[in-house]
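Open the model in your viewer and keep the selection tool ready. This tour moves from one stop to the next.

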Amino acid sequence: MAPKASQKKVSTFVIDCAKPVEDKIMEIGSFSAFLSERIKVGGKAGALGEAVSVAADKTKVTVTSEIAMSKRYMKYLTKKYLKKHNVRDWLRVIASNKDRNVYELRYFNISEPDEEEA
């Protein structure tokens, strides 16, 4: 048997921050810098090397990984960033309906309950 060529599985995660960036609640540059500092590779935070890359455009942050990385880890780091900047009470991180490798930051739907009449 011929040995199989091992292919690197590339994982791509996108975090869509369109709504908070438009409302100027968060800056996309600080979020991508936060991810670059906090993503752990080989047990060490910030040592991304060539295995992981973080790219940002106007409203989205894209994390591309050649090593095994869970999607849940991206959600964890995003929530940690929101908590650090005191906006966790207003924003939530949910998976997109269209593409499951995309997380979106959305506002909580807070509706005032109607006062009951006596």
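Select Thr62 and show its surroundings. Setting aside residues up to four places away in sequence, Thr62 touches Thr12, Phe13 and Val14 as well as Ser53, Val54 and Ala55. Keep in mind that this is a predicted model. Thr62 sits in strand β5, which covers residues 60-65. Is Thr62 buried or exposed? Its relative accessibility is 26%, so Thr62 counts as partly exposed. Now pick the C-alpha atoms of Thr62 and Thr12. They are 50 residues apart along the chain, yet 6.9 Å separates them.

Next, go to Ser36. You will find Ser36 in helix α2, residues 28-38. Which residues does Ser36 touch, leaving aside its neighbours within four places in sequence? They are Gly46, Leu48 and Val54. Val54 is a familiar name, being also among the contacts of Thr62. Ser36 counts as partly exposed because its relative accessibility is 25%. Then pick Ala55, another contact of Thr62. The C-alpha atoms of Ser36 and Ala55 lie 9.4 Å apart, with their positions 19 residues apart along the chain.

Move on to helix α3, residues 71-84, and select Lys75 there. Lys75 is buried and has no salt bridge. How far away is Glu104, the nearest side chain of opposite charge? The distance is 12 Å. Side chains of opposite charge can pair when their charged atoms come close. For a salt bridge, the cut-off is 4 Å between the side-chain nitrogen and a carboxyl oxygen. Show the contacts of Lys75 too. Beyond residues up to four places away in sequence, Lys75 touches Val93 and Tyr103.

Now select Glu104 itself. Its partner is Arg106: the two side chains meet in a salt bridge, with 2.9 Å from N to O. How many salt bridges are counted in the model? The count is one. Compare the two partners. Glu104 is buried, because its relative accessible area is 14%. Arg106 has 26% relative accessibility, so Arg106 counts as partly exposed.

For the last stop, return to helix α3 and select Lys84. Lys84 counts as partly exposed because its relative accessibility is 49%. Add Arg38, Lys40 and Lys80 to the selection. Together with Lys84, these residues form a positive surface patch. Colour the four by charge to see the patch as a group. One member, Arg38, takes you back to helix α2, since that helix spans residues 28-38.

How values were computed. Residues numbered from 1 in each chain as written. Predicted model: local features only at pLDDT ≥ 70, side-chain atom pairs only at ≥ 80, totals over all residues. Heavy atoms only, no water. Helix = DSSP H or I, 4+ residues; strand = E, 2+ residues; numbered from the N terminus. Buried < 20%, exposed > 50% of the residue type's maximum accessible area, 1.4 Å probe, protein only. Lys, Arg positive; Asp, Glu negative; His and termini not counted. Contact = heavy atoms within 4.5 Å. Patch = residues over 30% accessible without salt bridge, like charges linked within 9 Å, V, L, I, M, F, W, Y side chains within 5 Å. Areas by Shrake-Rupley, 256 points an atom, 1.4 Å probe, with all protein chains shown as cover. Charge placed at Lys NZ, Arg CZ, Asp CG, Glu CD.
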